[in-house]
Amino acid sequence: GQQAFVGVFLAAVPERVQGADLFEFPERYNRIIGRSDATSSKRAIDLYKGISRGELDLCDLPTAALVTAAEGAILEVHRALSTEIALACDAFGASPSRVRELLRKSPRRGLDLPRADVSPLRPPDDLTLLKAATHNRLRLPLIDAADSVFQSTPRVLARLAVRALKRSRKEAKYSKVAVLGVAAEPNTADPLLSPVFPFLDELKTLGFTNVQIHDPHAAGRTELRLEEDLEVAIAGADVLALMTPHDYYLARVPHILQSLPVGAAVVDARGVIPRAEVQRRGLIYVGLAR
């Protein structure tokens with residue numbers, strides 16, 4: 001029953017999320033304010049001056065939406081390239097971490113850590129103007145290709161785990177897999193967009209039949225059958241995949257690794273487990289981030 005601009009003001013201030021920075025340092029963030037009229041933009045500026053010490057940039061509504069969509073697209077392309085470089089390093093026996101270290105000294109900067117992760121934006125997305133552009137027959141092949149590469153990372157990790165098993169002369173159908181973490185984000189319960197689902201699909205395709213899944217937060221939030229006891233899940237596992245880096249798991253990394261038989265493959269989907277620690281215990285490190 002209310003009328004816009006009569007006690008109701010409209011402005012778009014899309015969040016420019018990069019990792020967890022927004023939640024750790026909200027006062028440092030630069031903000032984009034999409035204005036519909038001068039009064040609404042002034043009200044928005046007055047509001048966000050009390051929240052952020054960053055810059056407040058005014059623009060029209062479509063520009064505000066496209067800037068945040070473009071930031072997500074750039075991140076997606078960057079992560080896709082990083083993933084493919086890591087795969088090339090693996091093929092040639094090079095160190096991905098050393099390659100990234102040297103690339104940081106390049107005038108054109110370096111690479112992000114490749115990892116099986118959820119993305120702040122998976123462009124083109126149904127809620128972005130980028131998707132609307134594709135409906136209007138505007139082709140965005142680079143963004144589409146980057147999304148395909150990035151979304152394939154969990155499946156690539158599953159295939160690398162099979163290769164690691166072959167080094168220990170083990171076969172998928174006779175091997176036990178322990179998958180730790182169902183949630184999309186650490187220390188949460190929501191499984192939406194979690195990398196664990198394509199990873200599990202690929203395990204099934206590759207012939208794994210004994211897969212134990214554990215998550216201390218996701219009980220009742222997923223249709224997956226979960227093992228409640230971590231010890232049961234990891235005991236004797238030939239492949240251990242840390243898909244969600246809950247603090248619960250990170251605090252138990254030494255114990256978890258100690259529970260695995262020599263020659264087991266450790267899939268580090270998020271790049272949080274020290275490779276040296278894995279190899280020191282006679283285990284095979286599988287990951288793209290280090």
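## An arginine over a tyrosine ring

R252 lies over the face of Y248, at 3.8 Å from the ring centre. The model in which this arrangement appears is a predicted one, and the description below moves from this ring to its aromatic neighbour, and then to the sheets and the helices that lie on them.

Y248 also takes part in the one aromatic pair that the structure holds. Its partner is Y249, and the two rings are arranged edge-to-face, with 5.6 Å centre to centre and 70° between the planes. An angle over 60 degrees is what places a pair in the edge-to-face class. In terms of accessibility, Y248 counts as partly exposed because its relative accessibility is 29%, whereas Y249, at 0% relative accessibility, counts as buried.

## Overall make-up

The protein contains twelve helices and eight strands. It has 290 residues, of which 42% count as buried. Among the contacts with a separation of 6 or more, 67% are accounted for by residues 24 or more positions apart.

## The five-stranded sheet

Five strands form an open sheet in the order β5-β4-β6-β7-β8, and the pairing is parallel. Because β5 (210-214) and β8 (284-286) each have a single partner strand, they stand at the edges of the sheet, and one side of each is left without a neighbour there. On average, neighbouring strands of this sheet are turned by 20° against each other, direction ignored.

The edge strand β5 runs parallel to strand β4 (residues 176-180), to which five bridges join it. One position in this pairing can be named, since V177 has V211 in β5 as its bridge partner.

## Helices on the five-stranded sheet

Helix α7 packs on this sheet, where it touches β6 (239-242), β7 (265-268) and β8, and its direction makes about 165° with that of β8. Helix α8 (residues 196-205) lies across β4, β5, β6 and β7, and runs at about 175° to β4.

How far apart are the end C-alpha atoms of helix α7? They are 21 Å apart, which agrees with expectation, because the 15 residues of this helix (residues 153-167) should span 21 Å at 1.5 Å a residue. Buried residues in α7 include T153, P154, V156, L157 and A158, and further along the helix L160, A161, V162, A164 and L165 are buried as well. Just after α7, R169 takes a positive phi of about 55°.

## The three-stranded sheet

A further open sheet has three strands in the order β1-β2-β3, and here the pairing is mixed. Its edge strands are β1 (11-12) and β3 (56-60), each of which pairs on one side only. Between β1 and strand β2 (residues 31-35) the pairing is antiparallel and extends over two bridges, and within this part of the sheet A11 stands opposite R35 in β2.

Two helices lie across β1, β2 and β3, namely α2 (residues 38-49) and α3 (residues 61-92). Their directions relative to the edge strand β3 can be given separately: helix α2 runs at about 155° to β3, while helix α3 runs at about 120° to β3.

Key. Residues are numbered from 1 along each chain as its sequence is written. This is a predicted model: local features need pLDDT of at least 70, side-chain atom pairs count only at pLDDT 80 or more; totals for chains, interfaces and linings use all residues. Side-chain values use heavy atoms; hydrogens and water are left out. Helices (H or I, at least four residues) and strands (E, at least two) are DSSP runs, numbered from the N terminus. The expected span of a helix is 1.5 Å times one less than its number of residues. Buried means under 20% relative accessible area, exposed over 50%, partly exposed in between (1.4 Å probe, protein chains only). Two strands pair if DSSP finds at least two bridges between them. Contact means heavy atoms within 4.5 Å. Axes are lines fitted to C-alpha atoms, for helices over the stretch in contact, and angles run from 0 to 180 degrees between N-to-C directions. Rings of Phe, Tyr and Trp (its six-membered ring) pair if their centres lie within 6.5 Å; planes under 30 degrees apart count as stacked, over 60 as edge-to-face and the rest as tilted. A charge sits over a ring if NZ of Lys or CZ of Arg is within 6 Å of the ring centre and within 35 degrees of the ring normal.
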